[in-house]
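Colleague: Hi, do you have a minute to go through this one with me? I'd like to start with the surface and then move inside.

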Amino acid sequence: MRALLAALALALAATLAVGQGVVSLPAALVAEAPALKPLGDGRLRWFGLHVYDSSLWVQGESWSFERPFALDIRYAMSIKGRDLTERSLVEMKRLGYTDREKLGRWQSEMDRVFPDIKPGDRLVGVSVPGREARFYSQDRFLGTVADPEFARAFFSIWLDPATSEPKLRAQMLRLER
């Protein structure tokens, strides 16, 4: 019981720290994009289970697909990299990305970049408009998917108005008051 209470207290402290902008991006990313600052954050639950906390980092005061931004996801459960790829593909298809050849290429790229995740791990995706998506985990650079359409499709999973998680989107974009 004591361990459970300690874990809950730690999770609450981490959540408060993110909300106050205390959590920082991986050092490798900060060195490349020092102007990013947190905009908003939220928590994804699936049937009541805490899946991850996410925060959106932007240049300036607001988010746009036209400016670099980072999506930081801090996982609360184990997920295989392959499952991240599969879920991403399902969401991309749901948003209207249906070209089989592109989806096949994107699947290969995600499989190459996405690691297996365990509780406490983080995956940070960075959108470089008109060029690519870059991925980091903890303080390590994982790789690049050098396809601007992939970057748009991938980040649309969370940021498109038609996302399957509109409440999380609203929290990250600070649309909820």
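Colleague: Where does W46 sit?

Modeller: W46 is in strand β1, which covers residues 37–46. Keep in mind that this is a predicted model.

Colleague: And is W46 buried or exposed?

Modeller: Exposed: the relative accessible area of W46 is 55%, and the cut-off for exposed is over 50%.

Colleague: Which residues make a nonpolar surface patch with W46?

Modeller: F47 and L49 do; together with W46 they make a nonpolar patch of about 430 Å².

Colleague: Switching topic, what about S64: in which loop does S64 lie?

Modeller: S64 is in the loop between β2 (49–58) and β3 (69–75).

Colleague: Why does S64 count as buried?

Modeller: Because its relative accessible area is 19%, and buried means under 20%.

Colleague: What does the side chain of S64 have as a polar partner?

Modeller: The backbone nitrogen of E66, which lies 2.9 Å from a polar atom of the S64 side chain. As for sequence-distant residues, S64 and L159 are 95 residues apart in sequence, with their C-alpha atoms 9.6 Å apart in space.

Colleague: Now pockets. What volume does the largest pocket have?

Modeller: About 590 Å³. The elements giving two or more residues to its lining are β1, β2, β3, α3 (81–94), β4 (122–128) and α5 (148–159).

Colleague: Which of those gives the most?

Modeller: α3 does, with 5 residues.

Colleague: And which residues lie nearest the pocket centre?

Modeller: Of the 26 lining residues, L44, V51, Y52, I79 and R87 lie nearest the centre of the largest pocket.

Methods
Residues numbered from 1 in each chain as written. Predicted model: local features only at pLDDT ≥ 70, side-chain atom pairs only at ≥ 80, totals over all residues. Heavy atoms only, no water. Patch = residues over 30% accessible without salt bridge, like charges linked within 9 Å, V, L, I, M, F, W, Y side chains within 5 Å. Areas by Shrake-Rupley, 256 points an atom, 1.4 Å probe, with all protein chains shown as cover. Salt bridge = Lys/Arg side-chain N within 4 Å of Asp/Glu carboxyl O. Helix = DSSP H or I, 4+ residues; strand = E, 2+ residues; numbered from the N terminus. Buried < 20%, exposed > 50% of the residue type's maximum accessible area, 1.4 Å probe, protein only. Polar contact = N/O pair within 3.5 Å; in protein donor to acceptor, adjacent residues only side chain to side chain. 1 Å grid on protein atoms, 1.4 Å probe; cavity = no way out; pocket = protein on both sides within 12 Å on 5 of 7 lines; lining within 4 Å. Points joined across faces, edges and corners; volume = space filled by probe spheres on them.
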